[in-house]
Amino acid sequence: MFNAHDLFKQRFSAHMKETSRYLRYIFNGHIAFAMLFLISALAYYYQQWLAALPENFPTAVIIGITFGLLVSYSPARTLLKEPDLVFLIAAEHKMGPYFRDALIYSFVVQLYLVLLAGAAFGPLYAATYPDRAGSVYLWTLVVVLIFKAWNLLATWWMLKIREPGVRQVDQAARTLLNVAIFYFAVRGEMLWAAVTTVLFAFVFLYDWRVSVKQPGIVWDLLLKKDRGRMQTFYRLANMFTDVPHLKNQVKRRDWLVTFVKRVPFTRTHTFDYLYRISFVRSADYLGMYARLLVIGGLFIYFVPNMWLQLLFALLFLYMSSFQMVTLYYHHRTVMWLDLYPVSLDVRQRSLVKLLYSLALIQTVLYTILFVVMQEWIGALAMIAIGMLFIFAFIRGYVYRKIMA
């Protein structure tokens, strides 16, 4: 006897076992320490910044946009697999309990973002609206959870529509209404909040009516959406360990490739070329490096204390370098590389050269940022600390990691 509820429990158990295994690699000691330091520093400066909060600060705009986007982004995780397109379609009329459990799981697993945002904006709300802090803000969070559930249902209903344009228009309309609702709610303009809520109710009911008219479930669309989200998770986990399930995405980026592929046409530079091309064209490394570089620069620019600026620079230099070490294992499943008449020592030295170049570029850019801010001592210290870190990291960690 087919039991959809038991099927979901099996899928959920296997899914949690797999993700927890990768999460242990992601939140290892290095990343956990960096995140603890980052959160502590942010909390300290957040508290100091709130003490001198300007009277005209757009608190309602920021909270409204954030909460609106959080409730609007409510993907439905179904945990479907490719064989389901063949074996479960015949049991579609019995899949109600499965998809009900999937929606409950989707709602619960997304609550951490709402709770984090609620905890982060609580002090800001209290500093801006001291007369309405406390229970009013808690009720606002309750409304956020209600709208989160409604948007999740609307997203599920619209997944019965094949036309992507219709889904995109619906998503845009709900996002605008969600942002407006929470903007008016935070400002205390309850009349306008009620009006926009009524408009949202019309869109919500329209989504329900459209879904009722659809004959069945669009299995291939559900599988595509779920597989895309898992590939995103695998790409993140692949920065820390080898993920055999990952389907690598390659982007052309011709102008960057033309710039970095200029290496001598000799055997000793074989892996120089390969690692440079992989860094530029892979969907993982270049984006991660650029994001960490920019975020670190923003911290350096906005943190008022020079020594903390240097600590943040060192932290993001470490995070970037640590993430790029996994480039060494990027091609480990490609057996054709073993046919190259190139020694292992050449391959290892090629990675070390690339890591050294990337860390040096980041150090130079952060030094230039200190110069732009006219912090001359900080610029000199950045050069010294950066070069010392590069030497210690490569000699102390990279060599032991790839030559073990």
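Which loop does Leu79 lie in? Leu79 sits in the loop between α3 (59-72) and α4 (84-87). The model is predicted. The protein chain has 16 helices and zero strands. Leu79 and Gln374 are two loop residues with positive phi, and Gln362 is a buried residue of helix α15.

**Overall fold**

- The protein chain contains 404 residues, and 46% of them count as buried.
- Its secondary structure comprises 16 helices, with zero strands.
- Take the contacts between residues at least 6 apart in sequence: 81% of these join residues at least 24 apart.
- The accessible surface of the chain comes to about 22500 Å². Carbon and sulfur atoms account for 69% of that surface.

**Helix α3**

- Helix α3 has 14 residues. From first C-alpha to last, α3 reaches 20 Å, close to the 20 Å expected at 1.5 Å a residue.
- Which residues of α3 are buried? They are Thr59, Ala60, Ile63, Gly64, Phe67, Gly68, Leu70, Val71 and Ser72.
- Cover for these buried residues comes from elements including α6 (111-128), α7 (135-158) and α8 (164-187).

**Positive phi in two loops**

- Most residues other than glycine have a negative phi.
- Leu79 has a positive phi, near 60°, and is not a glycine.
- Leu79 follows α3 (59-72) and precedes α4 (84-87), in the loop between them.
- Is Leu79 buried or exposed? Leu79 counts as buried because its relative accessibility is 7%, below the 20% cut-off.
- Gln374 also has a positive phi, of about 60°, although it is not a glycine.
- The loop holding Gln374 runs between α15 (344-372) and α16 (376-402).
- Gln374 has a relative accessible area of 58%, so it is exposed; the cut-off for that class is over 50%.
- The two residues thus differ in burial: Leu79 is buried, whereas Gln374 is exposed.

**Gln362 in α15**

- Gln362 is found in helix α15.
- Why does Gln362 count as buried? The reason is its relative accessible area of 1%, as buried means under 20%.
- Which residues does Gln362 contact, leaving aside its neighbours within four places in sequence? Its partners are Tyr289, Leu293, Phe316, Leu317 and Ser320.
- Helix α15 (344-372) also borders the loop of Gln374, so the helix of buried Gln362 leads to a loop with an exposed glutamine.

Notes:
Residues are numbered from 1 along each chain as its sequence is written. This is a predicted model: local features need pLDDT of at least 70, side-chain atom pairs count only at pLDDT 80 or more; totals for chains, interfaces and linings use all residues. Side-chain values use heavy atoms; hydrogens and water are left out. Helices (H or I, at least four residues) and strands (E, at least two) are DSSP runs, numbered from the N terminus. Buried means under 20% relative accessible area, exposed over 50%, partly exposed in between (1.4 Å probe, protein chains only). Contact means heavy atoms within 4.5 Å. Accessible areas come from the Shrake-Rupley method with a 1.4 Å probe; for residues, only the protein chains shown count as cover. The expected span of a helix is 1.5 Å times one less than its number of residues.
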